Amino acid sequence: MDTMSIAVARRIALAAQGFADPRPEVATRRHLKRVLSRVQLIQLDSVNVAVRAHYAPLFSRLGAYDRTLIDEAAWAHSARKPRMLVETWAHEASLIPVEDWPLLRSGAKRAGWWRNYARLVERSPTLVDDIVAVVKELGPIGAGGIEREVVGESQRTPGPWWDRSEVKKVCEWLFGMGQLTTGTRRSFERLYDLTERVVPPEILARQVSPEEGARELTARSAAALGVATEPDLRDYYRLGPEVSHQAVADLVESGVLEPVRVRTWRSPAYRFAGARLPRKITGRALLCPFDPLIWERGRTERLFDFHYRIEIYVPEPKRVYGYYVFPFLLDGELVARVDLKADREAGVLRVQGAFAEPEVDRPRVAGELAAELRVMAQWLSLDGVAVGERGDLAPLLRRA
């Protein structure tokens with residue numbers, strides 16, 4: 001069994017995620033496909049304090065690309081540019097390549113939080129039929145529109161998203177079960193449609209056993225991670241432990257995974273047989289909290305000696321670094337973090353806090369970070385960058 005240093009493991013992981021690939025001068029659909037072949041899926045999230053989560057991983061890898069590239073791939077396809085991506089539950093709610101749909105519907109993956117609505121569905125089977133009928137007739141349509149059609153305007157249940165009506169809960173259940181998916185989005189609102197009108201029939205018709213689905217998803221996890229422990233591989237698509245253990249054993253036997261030891265890691269690790277090992281990683285990138293490189297916080301700490309937690313749900317007085325913090329990757333190391341907010345009214349990208357990691361070259365980090373923040377501001381159609389007072393890196397960054 002090979003033993004590798006943490007530096008080697010880090011270079012393998014970064015190459016697997018696309019950080020050894022050069023940024024193009026102008027990103028095209030071909031470059032989007034290349035990124036997808038690395039990361040395999042893109043997580044969705046509604047927070048828009050800086051930029052929505054599904055746009056950010058592509059910026060990290062491609063630079064200032066045209067965001068309509070992913071919009072067209074997922075929600076505004078045409079005969080000339082067929083749909084590349086479809087929404088379903090993968091890591092969380094995610095965009096996945098259309099051809100991977102059968103793997104996520106194979107039974108290999110654990111049900112998500114929406115499974116709690118199964119009792120409601122059992123109590124109200126006609127509600128399911130009514131919702132599907134409305135979507136069939138009027139879709140793509142939002143949950144509010146479905147609710148008005150099914151319940152009637154006068155009986156509509158008011159309240160924010162956490163006080164959902166039964167109609168909205170059943171819509172989530174149908175989405176989780178794969179009977180509905182997102183036909184398109186309007187100002188990020190999900191507009192439901194029948195899956196059969198979104199996913200091509202030849203892909204829907206493909207039958208995949210739970211065992212095959214687990215092996216294929218685990219192989220995709222391994223390709224995206226490069227080198228990983230079994231829990232790392234399991235987490236990428238949120239598989240169950242028993243399913244994951246068997247899939248890993250099968251992939252080791254078939255030669256897709258190679259058992260390895262990574263110094264300083266307590267758990268056994270596995271290297272994807274096709275993983276690349278570049279001599280070095282250069283370049284810089286800002287990573288949003290939902291970037292697949294740093295999804296699994298324990299893995300992030302093992303790989304980069306970088307303790308990272310998202311603090312959105314932490315009361316403000318108890319936050320250490322800020323509300324929406326982007327780690328900064330420079331030449332293969334996580335060297336700093338910045339709390340970012342796109343102040344669209346003022347036209348600036350606000351750095352509300354800037355913090356350096358110990359023992360880094362702070363003047364160089366500040367200069368490289370300043371350059372990347374200017375690229376991000378321009379990409380977001382903002383006029384400039386405004387650096388606040390918080391954090392030990394803030395004075396240097398402000399000067400840079």
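Helices here are DSSP runs of H or I with at least four residues, numbered from the N terminus. In this predicted model, Gln-207 falls outside any such run, sitting in the loop that links α10 (201-204) and α11 (210-225). With a relative accessibility of 70%, Gln-207 counts as exposed because the cut-off for that label is over 50%. Its C-alpha atom is 32 Å from that of Arg-276, a residue 69 places away along the chain.

Strand β3 (residues 85-89) is another story. Five of its five residues are buried, so β3 is largely enclosed by the rest of the structure. Leu-85, Glu-87 and Trp-89 point one way from the strand, while Val-86 and Thr-88 point the other way, and both sets are buried. The neighbour in the sheet is β4 (residues 93-97), which runs antiparallel to β3 and is joined to it by five bridges. One of the pairings puts Thr-88 opposite Ser-94 of β4. The two strands make a hairpin, with three residues between them.

Next comes helix α13, which covers residues 241-254. Its 14 residues reach 20 Å from the first C-alpha to the last, close to the 20 Å expected at 1.5 Å a residue. Ser-244, Ala-247, Val-248 and Leu-251 are the buried residues of α13. Looking down the helix axis, these buried residues fall within an arc of 100 degrees, so they line one face of α13. That buried set packs against quite a mix of elements: helices α11 and α12 (230-237), plus strands β8 (257-262) and β9 (269-272). Over on the other side of α13, Glu-242 and Glu-253 are exposed. Just past the end of the helix, Gly-255 adopts a positive phi of about 90 degrees.

One residue of α12 deserves a look of its own, namely Arg-234. Leaving aside residues up to four places away in sequence, Arg-234 touches Leu-239, Gly-240, Pro-241, Ser-244 and His-245. Among these, Ser-244 is also one of the buried residues of α13. The side chain of Arg-234 makes a polar contact with the side chain of Glu-230, at 2.7 Å. Arg-234 also offers a link back to the region around the hairpin: Glu-92 is 142 residues away from Arg-234 in sequence, yet the two C-alpha atoms are 13 Å apart in space.

Methods. Residues are numbered from 1 along each chain as its sequence is written. This is a predicted model: local features need pLDDT of at least 70, side-chain atom pairs count only at pLDDT 80 or more; totals for chains, interfaces and linings use all residues. Side-chain values use heavy atoms; hydrogens and water are left out. Buried means under 20% relative accessible area, exposed over 50%, partly exposed in between (1.4 Å probe, protein chains only). Two strands pair if DSSP finds at least two bridges between them. The expected span of a helix is 1.5 Å times one less than its number of residues. The arc is that of the directions from the helix axis to the C-beta atoms. Contact means heavy atoms within 4.5 Å. A polar contact is a pair of N or O atoms within 3.5 Å; within protein, one must be able to donate a hydrogen and the other to accept it, and residues adjacent in sequence count only if both atoms are side-chain atoms.
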